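The following exercises concern the pockets, cavities and strand pairing of one protein model. Each task is followed by a solution set out in steps.

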Amino acid sequence: MKKVLKRCDIYRGNLILVNRDYLLKEETKLPDLEIISDENEMILLEKNANKFLRFVLREIQANDKIVPVSGYRTREEQEKIFKDSKEANGEEFTLKYVAFPDASEHQTGLAIDLGWNVGIIDFIRPSFPHNEVCDSFRKCAKKYGFIERYQSDKEDITHISAEEWHFRYVGYPHSEIIENNHFCLEEYISYLKQYRYRENPFLYCDYEISYLPFIEEIEIELENTQVSGNNVDGFIITRKIK
């Protein structure tokens with residue numbers, strides 16, 4: 001099976017970088033969404049991200065100790081959250097913890113905020129400490145494609161304050177590479193650009209990972225291969241080789 005990669009495909013996939021410099025585009029497809037659980041019918045997540053989130057929670061036997069707080073948001077919802085937080089908490093707080101509309105990963109359906117189910121859960125900053133079941137989630141999450149997206153020593157790059165509760169689905173093996181190298185997603189997207197498609201792929205376990213800049217439409221073979229745009233200037237090609 002083959003696929004012709006077009007410019008619009010740059011803005012689609014698990015590895016799209018969404019921040020204040022690289023906003024969501026109109027070409028970004030609405031994700032294939034699922035309800036996270038019967039108990040949380042208002043919280044939605046992209047279909048694959050939801051599947052693997054369930055795998056993590058099942059493996060660590062989280063039961064009701066971890067609860068989803070916020071998943072997919074429309075642009076209108078993100079705009080309202082930003083406005084309401086600005087009015088309630090002030091501009092400085094809001095700029096630290098709430099992304100501008102179209103700069104929010106929640107609009108991709110690939111991000112989930114989780115809370116430790118103890119006491120009252122804050123919607124903007126739910127508690128998800130580095131202990132007990134929350135830490136078990138962190139250790140297990142990278143096996144299933146999730147990364148802790150915003151960390152304290154990456155604030156100068158992400159321009160978002162540390163959010164211990166915010167996890168982003170990028171898919172495996174990217175999650176493991178990012179976590180093992182203590183990259184943020186911005187750093188990882190940049191790091192991969194040295195590994196060109198069909199020239200010098202990055203080898204990790206049973207995978208070849210490479211970057212393909214968009215110059216013109218190109219047809220690629222999809223057997224054992226996953227393609228994601230980076231929402232910047234090209235594609236990340238991931239091929240399983242064993």
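**Exercises on a predicted model**

**Exercise 1.** Determine which element gives the most to the lining of the second largest pocket, and describe that pocket.

*Solution.* The element is α1, with five residues. The structure under study is a predicted model.

Step 1. The second largest pocket holds about 290 Å³ of space. It is lined by 16 residues, and I36, S37, L57, N63 and I66 are the closest to its centre.

Step 2. At least two lining residues come from each of β2 (33–37), α1 and β4 (66–70).

Step 3. Sorted by class, the lining of this second largest pocket comprises eight nonpolar, four polar and four charged residues.

**Exercise 2.** Characterise the largest pocket by volume, by lining and by residue class.

*Solution.* Step 1. The volume of the largest pocket is about 760 Å³.

Step 2. Its lining consists of 31 residues, and those nearest the centre are R12, G13, N14, V227 and S228. Two or more lining residues are given by each of β1 (2–5), α1 (47–59), β11 (225–229) and β12 (234–240).

Step 3. The largest share belongs to β11, which provides four residues.

Step 4. The classes in the lining of the largest pocket are 13 nonpolar, 11 polar and seven charged.

Step 5. Comparing the lists shows that α1 appears in the lining of the largest pocket and also in that of the second largest pocket.

**Exercise 3.** State how many cavities of 30 Å³ or more are found in the whole structure, and describe each.

*Solution.* Step 1. As a general principle, rolling a probe the size of a water molecule over the atoms reveals where empty space remains. The search of the whole structure yields two cavities at the cut-off of 30 Å³ or more.

Step 2. The largest cavity has a volume of about 160 Å³. Among its 17 lining residues, R73, Y97, A99, H106 and E163 lie nearest the centre.

Step 3. Both α2 (75–89) and β7 (163–169) supply at least two residues of this lining, and β7 has the largest share, with three residues. The class division for the largest cavity is nine nonpolar, four polar and four charged.

Step 4. The second largest cavity contains about 40 Å³ of space. Its lining is formed by I147, E148, R149, Q151, K154, I178, E179, F183 and C184.

Step 5. At least two of these residues come from each of β6 (146–150) and α6 (174–180), and β6 gives the most, namely three. Four nonpolar, one polar and four charged residues make up the lining of the second largest cavity.

**Exercise 4.** Establish the strand order of the open sheet of four strands, and identify its edge strands.

*Solution.* Step 1. In general, the strands of a sheet pair through backbone hydrogen bonds, either parallel or antiparallel. Here the order is β8-β9-β12-β11, and the pairing is antiparallel.

Step 2. An edge strand pairs on one side only, and this holds for β8 (202–204) and β11. From one strand to the next, the twist averages 20 degrees.

Step 3. Between β8 and β9 (residues 207–213), which run antiparallel, there are three bridges. Across this pair, L203 is opposite E208 in β9.

Step 4. The edge strand β11 also provides the largest share of the lining of the largest pocket. Its neighbour in the strand order, β12, is likewise among the elements that give two or more residues to that lining.

Terms used:
Residues numbered from 1 in each chain as written. Predicted model: local features only at pLDDT ≥ 70, side-chain atom pairs only at ≥ 80, totals over all residues. Heavy atoms only, no water. 1 Å grid on protein atoms, 1.4 Å probe; cavity = no way out; pocket = protein on both sides within 12 Å on 5 of 7 lines; lining within 4 Å. Points joined across faces, edges and corners; volume = space filled by probe spheres on them. Nonpolar A, V, L, I, M, F, W, Y, C, P; charged D, E, K, R; others polar. Pairing = 2+ DSSP bridges. Axes fitted to C-alpha atoms, helices over the stretch in contact; angles between N-to-C directions.
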